[in-house]
Amino acid sequence: MYSDYCIEISDTSLSIRIEPEEPNSTHPLTLNLIFEYPETYPDVLPELNIEAVDEESGDLTEEEREKVLGELNTIAEESLGMAMSFTIASAAREALGIVISERLRKEKEEDDRRAREYEEAEAAKTRGTPLTPDAFNVWRKAFTAELAAKREKAEEDRIRALPPKEREDYKKRRERPTGKQLFEHSKVLATSDEALYEEGAEEVDFSKYTREEREKERRREEEEEEKRRRGLVEGDSDGE
């Protein structure tokens, strides 16, 4: 089975070319399985190694190499005392097939992951970002800052476009304090309300004043009613 692929390196070394039972064109993997036989072989395990044939034939990663050699050494231990080279070579072919299957599985998982990420990104474009109070505050702060920067730049551009004299007059007007600033910094204005009151002045009780006025009005109406009644009584007496 392996006679065409066996190369005797020395009296104690043998190379067998191995490949998966079902080769894959996208993952070529043809390797040399090297045996180093001790003098007491087969009672002692041979030293195993795997080498690449060439770049086009593929190779194993360090992780894959360690895993395959570990499996082959386990099989060799089970075959101690017997010729085991071709048994190990057959196991190596199966191991390479598993390596390729694992590579294909990882590639599919990676393709699926990228497809999901792409679909999620496309869905996010139409879905937008959920609006929360925190997200709104962040947006509002950034928008306000951006708007203020645009206004400031527009104002600076407008000032630069003014003639020198008008630009100087405008700067002087901007340096004048506002009414609010004058109020906050003026002691006279800040205490103007207190100046309206004199110390010891009697306060006017408007509610009391209103009641007195009403009382006077009521008494006046009663007096007029009383006079009217008296006039009627006196008129009746004269008629008798």
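Author: Two strands pair if DSSP finds at least two bridges between them. The strands and helices themselves are DSSP runs numbered from the N terminus: strands are E runs of at least two residues, helices H or I runs of at least four. Let's try this out on the hairpin here.

Reader: Happily! Which strands form a hairpin, and how many residues are between them?

Author: S1 and S2 do, with two residues between them. These strands run antiparallel and are joined by four bridges. For one example, find Ile-7 and look across to Ser-15 in S2, which stands opposite.

Reader: Before I go on, what kind of model is this?

Author: A predicted model, in which local features need pLDDT of at least 70 and side-chain atom pairs count only at pLDDT 80 or more, while totals for chains, interfaces and linings use all residues. Residues are numbered from 1 along each chain as its sequence is written, and side-chain values use heavy atoms, leaving out hydrogens and water.

Reader: How do I read pLDDT, and what does the chain average?

Author: pLDDT is the predictor's confidence in each residue, from 0 to 100. The average for this chain is 81, and 77% of the residues score at least 70. Over residues 196-201, though, pLDDT is below 50, and this stretch has zero contacts (heavy atoms within 4.5 Å) in the model beyond near neighbours in sequence. Where pLDDT is low, the predicted coordinates should not be read in detail.

Reader: Back to the strands, then. What order do they have in the sheet?

Author: The order is S1-S2-S3-S4, in an open sheet of four strands with antiparallel pairing. Strand S1 (6-10) and S4 stand at the edges with a single partner strand each, so one side of each has no neighbour in the sheet. On average, neighbouring strands are turned by 25° against each other, direction ignored; axes here are lines fitted to C-alpha atoms, for helices over the stretch in contact, and angles run from 0 to 180 degrees between N-to-C directions.

Reader: How many bridges join S3 to S4?

Author: Six, and these two strands run antiparallel. Among the residues to look for is Asn-32, whose bridge partner in S4 is Glu-51.

Reader: Which strands does each helix touch when it packs on the sheet?

Author: H1 touches S3 and S4, and its direction makes about 145° with that of S4. H2 touches S1, strand S2 (13-18), S3 and S4, and its direction makes about 35° with that of S2.

Reader: One last feature: where is the cis peptide bond?

Author: It joins Tyr-41 and Pro-42, with omega about 10°. You will find Pro-42 in the loop between strand S3 (31-36) and strand S4 (47-52).
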